[in-house]
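Trainee: I've got a model open and would like to learn how to read it. Can you walk me through some features?

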There are 2 protein chains.
Amino acid sequence: MTVPARDSVPADALLTDLYQLSMMQAYWEHGLTETATFDLICRRLPPHRNLLIACGLEAALEYLEGVAVTAADLEYLASLNRFSMDFLNRLERLRFHGEVRAVPEGTPVFGNEPILEVTASLPEAQIVETYLLSAIHHQTMAASAAYRLAAAAKGTPVVDFGTRHTQGAAAGVDTARAAYIAGLAGTSNVAAGRRFGVPISGTMAHSYIQAHERESDALASFAATHHGTTLLVDTYDIRRGVGLVIDLAERQGNDFDVAAIRIDSGDLAGNARLAREMLDGTGLASVRIIVSGDLDAERIAELVDHGAPIDGYGVGTALAVSTDAPYLDTAYKLAEYAGQGRMKLAASKRTWPGRKQVFRQTSNGMAVRDVLGTANEALDGRPLLETVMLDGQRIDPSVRSLDAIRRHAADSLAELPQFVRGLDLAEPPYPVVISDRLDNAARQLASHLRAEA
Amino acid sequence: MTVPARDSVPADALLTDLYQLSMMQAYWEHGLTETATFDLICRRLPPHRNLLIACGLEAALEYLEGVAVTAADLEYLASLNRFSMDFLNRLERLRFHGEVRAVPEGTPVFGNEPILEVTASLPEAQIVETYLLSAIHHQTMAASAAYRLAAAAKGTPVVDFGTRHTQGAAAGVDTARAAYIAGLAGTSNVAAGRRFGVPISGTMAHSYIQAHERESDALASFAATHHGTTLLVDTYDIRRGVGLVIDLAERQGNDFDVAAIRIDSGDLAGNARLAREMLDGTGLASVRIIVSGDLDAERIAELVDHGAPIDGYGVGTALAVSTDAPYLDTAYKLAEYAGQGRMKLAASKRTWPGRKQVFRQTSNGMAVRDVLGTANEALDGRPLLETVMLDGQRIDPSVRSLDAIRRHAADSLAELPQFVRGLDLAEPPYPVVISDRLDNAARQLASHLRAEA
């Protein structure tokens with residue numbers, strides 16, 4: 001039911017930076033139309049992070065399959081008096097015909113490892129940069145934040161309540177999908193359920209309580225409409241709110257059908273303990289306790305460590321904007337043109353030339369290190385980059401199920417050593433080494449470039 | 001050409017949190033369909049911020065005019081086995097018929113001041129919460145970050161290069177619009193130019209240089225294609241890059257038509273000085289210097305303070321994710337239901353009941369304080385909240401021009417005292433006081449609510 005439709009929506013080619021178009025025109029004018037390879041990487045992990053969860057490939061491929069300009073786009077571009085008619089005529093026929101290699105969504109990745117690699121004629125590979133960076137950056141950031149939330153909760157479900165703090169509610173749909181892949185239990189975003197089949201969940205807001213003259217009426221009416229629901233108990237006072245739920249249970253007897261209460265403020269551990277005692281003391285041990293309110297991975301870990309009787313977490317802002325790492329150091333770097341490796345020399349922005357492969361090496365079923373090598377060498381370990389698109393068409397036309405992607409994420413995480421999977425910074429970090437062949441290629445290219453200079 | 005089309009796209013009603021739908025069903029079942037007023041506020045300003053620039057109203061109104069569910073939406077909702085047929089039948093006819101009051105986009109606002117106020121039947125006012133919060137939060141955050149960048153640059157143009165770090169490239173379109181309103185000179189996002197008429201600009205990327213065997217060929221070919229363009233000079237070495245531009249000028253003589261160079265790495269002040277000296281020393285004083293690379297308001301202020309010879313700034317991440325304040329404490333709070341004020345009692349989440357007005361009081365043309373009062377009192381000062389929508393339709397059907405909104409932002413900022421407009425934290429902050437009438441209403445309501453408890 002929720003399998004996304006393919007090829008239904010043309011992707012907007014003007015969702016790009018102006019300089020991509022300026023460069024395209026120059027490439028075409030001067031015959032720079034040989035094959036180029038670009039790597040989409042995160043150069044360095046954010047401070048305090050041990051890994052990222054690659055995400056956004058589905059959006060990237062959907063875009064690459066559909067990218068095109070419309071007549072209205074051409075009219076707009078012509079109005080700018082920046083571009084030649086030749087260029088606009090050529091742009092009108094734009095389609096992406098390239099090849100894409102990528103790590104599967106949900107795969108843990110480290111600094112400098114290509115998440116996605118585009119090989120296409122230089123102008124085609126250039127115009128798609130902005131959209132690809134934006135999609136992969138956003139979704140990898142969200143998945144990586146979600147992974148930490150799930151890791152902190154140690155098996156207790158965590159749900160995404162963050163759409164009100166994403167960059168528009170539509171961005172929240174992608175955040176919800178990424179978060180589910182990385183281990184959250186679901187989302188409050190209904191469109192994410194419809195579009196991607198992410199499990200949706202939700203409770204009630206303070207406004208529902210406040211709209212009633214009496215809190216007790218509010219709780220009773222909501223429970224009457226929604227069986228097995230969650231009631232919010234701290235709009236005015238937590239002790240009073242839990243007491244009203246207990247009163248409701250006593251009035252309703254066997255008809256009482258409330259699955260959980262939600263606590264949204266104050267000392268969450270203390271409030272959860274108070275609520276648990278009150279509920280347990282009146283035979284309501286089966287009523288679960290959900291908490292929310294300014295939660296992040298560190299606060300969840302604290303609550304878990306203190307043994308607070310909490311059965312579910314709702315997280316908003318910490319996921320929506322990835323508060324502890326609100327951006328990643330992502331880049332889309334030219335690695336090869338016309339069969340020759342390319343790289344920047346600047347030390348702080350060092351990249352690796354040519355088409356590459358990442359080999360995840362294991363020992364007794366546990367990953368021990370990654371080797372970043374050239375695409376054509378055969379090293380020990382599982383190669384992470386897979387060819388997913390040829391000539392602008394996906395190799396596998398079926399949509400990978402969201403749950404399969406989520407399982408892949410869980411399995412790939414389980415393969416990593418515990419010190420990498422935890423919330424604390426791993427010192428030393430998980431090792432990523434450069435293969436001899438790649439290192440030699442980089443050295444040769446660097447001395448060639450310096451000689452040119 | 002770039003005036004947005006109205007009413008053309010139905011807005012997606014499922015871009016909402018599940019609990020909004022759950023509450024709607026309960027409201028309808030239990031007859032809670034009286035008129036409700038919700039305030040969309042930022043409770044507290046982010047640390048180190050003196051003000052916010054309200055933005056996102058256009059997107060909010062467009063959504064409210066179009067919000068509707070489709071047959072496919074209803075099918076999806078029915079498949080969840082959560083909702084009654086009665087509810088789904090009623091939802092099918094959903095339209096927003098409410099009233100909206102709002103501060104005009106571009107207006108500086110402070111903590112607890114309503115940015116937007118929705119008055120509608122309770123279920124209608126509830127379902128729109130998520131989308132409105134998400135749009136206003138995102139765009140107000142972006143405009144507020146942009147304002148600081150522009151303030152730091154003290155008149156030197158700052159351009160948005162941030163789309164690769166927004167939550168998808170479509171979110172970057174809204175970021176670009178918000179940033180332009182708040183004082184940036186333009187954006188690299190082409191779709192933002194087409195959709196909203198934001199001035200677009202751009203230069204060239206390192207990949208263009210790297211695709212060529214020789215840097216000198218790259219610079220010459222780009223300049224041949226694009227007259228009055230900007231050349232990137234630090235792909236390999238800044239001194240060499242500027243030297244190549246000078247060589248090009250010497251070769252081309254009167255045909256030389258390069259407007260600017262861009263420096264993207266290293267010590268920007270030092271590199272700009274070096275480039276300025278080299279250019280000036282060879283008669284190229286008219287070639288401007290644009291810098292980019294990890295810039296934020298503080299770094300721009302430093303460069304300005306040190307008198308670095310810089311003619312333009314390109315900013316990415318600091319705008320795209322508002323690095324110094326990556327989220328705002330926004331909320332959508334029930335203020336009135338069925339003619340009676342509503343509020344939460346929790347001290348940390350204190351809100352003010354009833355329909356309100358913000359009065360900006362001036363002395364000698366300068367704003368001296370804001371008074372948050374009730375909607376029906378007449379206090380000194382300019383009322384900031386205007387009625388913009390009645391019965392679900394905009395009062396003014398014409399789209400306000402982006403440049404008019406931008407001028408309003410500049411004028412409203414100029415009205416504030418310098419200590420509030422600057423980058424440093426204003427201590428004490430700009431005063432926002434509560435009117436006696438509003439304070440009395442809040443006290444009475446609080447004691448009523450405590451008596452109920």
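Mentor: Sure, let's begin with contacts: two residues are in contact if their C-beta atoms, placed from the backbone, lie within 7 Å. Keep in mind that this is a predicted model, where local features need pLDDT of at least 70, side-chain atom pairs count only at pLDDT 80 or more, and totals for chains, interfaces and linings use all residues. Residues are numbered from 1 along each chain as its sequence is written, while chains are lettered from A and ligands numbered from 1 in the order in which they are written.

Trainee: How many residues of chain B are in contact with chain A?

Mentor: On chain B, 81 residues touch 81 residues of chain A. Helices (H or I, at least four residues) and strands (E, at least two) are DSSP runs, numbered from the N terminus. Helix α1 (residues 18-29) of chain B gives the largest share of that side, 8 residues.

Trainee: Which residues of helix α10 of chain B are buried?

Mentor: A residue is buried if 20 or more other C-beta atoms lie within 10 Å of its own, exposed if 12 or fewer, and partly exposed in between. In α10 (residues 215-225) of chain B, the buried ones are Glu215(B), Ala218(B), Leu219(B), Ala220(B), Phe222(B) and Ala223(B). The cover over them includes α1 (18-29) of chain A, along with α9 (206-211), β10 (229-232), α11 (238-252) and β11 (258-263) of chain B.

Trainee: In what order do the 7 strands of the open sheet in chain B run?

Mentor: Strands pair if DSSP finds at least two bridges between them. Here the order is β15-β14-β2-β7-β5-β19-β20 of chain B, with antiparallel pairing. β15 (340-341) and β20 (393-394) of chain B sit at the edges with a single partner strand each, so one side of each has no neighbour in the sheet. Between β5 (residues 99-102) and β19 (residues 386-390) of chain B there are 3 bridges, and Ala102(B) has Glu386(B) as its bridge partner.

Trainee: What about backbone oddities, say the phi of Ser322(B)?

Mentor: Ser322(B) isn't a glycine, yet its phi is positive, about 50°. This residue lies in the loop between α14 (317-320) and β14 of chain B, and counts as buried because it has 28 C-beta neighbours inside 10 Å.

Trainee: Which residues does the cis peptide bond in chain B join?

Mentor: That bond joins Glu427(B) and Pro428(B), with omega about -5°. Look for Pro428(B) in the loop between α16 (418-421) and β21 (432-434) of chain B.
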